[in-house]
Amino acid sequence: FDSMRALVAAVDEGGFAAAGRKLGLSRVQVSRLVTALEDHLSAQLLVRTTRTMALTEAGQVFVERARILVNDMQEAEAATGDLTGKLNGLLQINAPMTFGVTHIAPAVSDFMRQHSDIKVSLNVNDRFVDPYEDGCDLTLRIGDLQPSSLIARKICPIRRLMCASPDYLEARGRPRTPADLAEHAVLHYGHMGSELHWPLRGLGASSRLPVSPVLCSNNGDVLKMASRQGQGIALLPAFIVADELADGTLVPVLEGFEPPPIALHAVYPPDRYRPAKTRAFVEFLEQRFRRRPPGGPV
């Protein structure tokens, strides 16, 4: 079964190294498992070169059946976990870069201490990862999500605020109303575009303030660094700037006009049987962040 699982992962992930990352094994271990399977079957399943890998005709036939067996075994393991209350297996998680490092990584460590038979693969990046396409158990994402067939379960709200360095505010003055932002350097989370807005409160009929940023980035740490260096006013989730707000490196501006909170979601496929390990981790996060909201209370 381990050899079949290694073969299916190698095919699905496009190589032994990627399969190893998915299974928690080294590239060499995956290669040895596949080779052992070929020896057992007395048939070549894969054609390997230094750069490519392709299924033989025998490999195509075998992988089609093996994938069914692997999926059935995973469901059987999950069902056993439900009955015994003991979690096991590999839990594959994808999370945003900054939030993944600061909040999900510590949560994973605590979860693994409670469930010693669980292995975790935690990948962090700021690109939305489709659990179907990338083969992970769940994706954690912050903000609005596009409609899809995936299940999106809200974990907790996350506060957002505008902030700047004291040096910047001393040099440029402190804005008193959202309209004053037109006279300030704005640091925007996202990509540069012709029509950018901040969803601020207290704007009357409109809840979207047009902004003309001097810097855009899809990574909050980039904007935090720029605001610390006096480059402008940033609108960021509170968890990204919590330490800077605590030590005074950054200070909040336009308090009372902050946008509504955004939500952390756990995104996963609507499978007919969701493994107990996935359900347990989602519930673990809900309890954890209910007690300690990321970035402080909303």
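Which residue in β14 does I142 stand opposite? The views below give the answer, using a predicted model.

**View 1. The sheet that holds β14.** Five strands make up an open sheet of mixed pairing. Their order is β4-β3-β5-β14-β6. At the edges lie β4 (118–124) and β6, each paired on one side only. The average turn between neighbouring strands is 20 degrees, direction ignored.

**View 2. Strand β14 and its cover.** Strand β14 spans residues 262–268. It is mostly covered: seven of its seven residues are buried, that is, under 20% relative accessible area.

**View 3. The β5 side of β14.** Strand β5 (residues 138–142) runs antiparallel to β14. Four bridges join the two. I142 stands opposite L264 in β14, which settles the opening question. L140 has A266 of β14 as its bridge partner. In a regular strand, side chains alternate between the two faces of the sheet.

**View 4. The β6 side of β14.** Strand β6 (residues 151–158) is also antiparallel to β14. Here the join consists of seven bridges. C156 of this strand faces L264 in β14 as its opposite residue. L264 thus appears in two views: opposite I142 and opposite C156.

**View 5. Helix α10 on the sheet.** Helix α10 covers residues 276–291 and packs on the sheet. The helix touches β3 (89–95), β4, β5, β6 and β14. Its direction makes about 20 degrees with that of β6.

Definitions and conventions:
Residues numbered from 1 in each chain as written. Predicted model: local features only at pLDDT ≥ 70, side-chain atom pairs only at ≥ 80, totals over all residues. Heavy atoms only, no water. Buried < 20%, exposed > 50% of the residue type's maximum accessible area, 1.4 Å probe, protein only. Pairing = 2+ DSSP bridges. Axes fitted to C-alpha atoms, helices over the stretch in contact; angles between N-to-C directions. Contact = heavy atoms within 4.5 Å.
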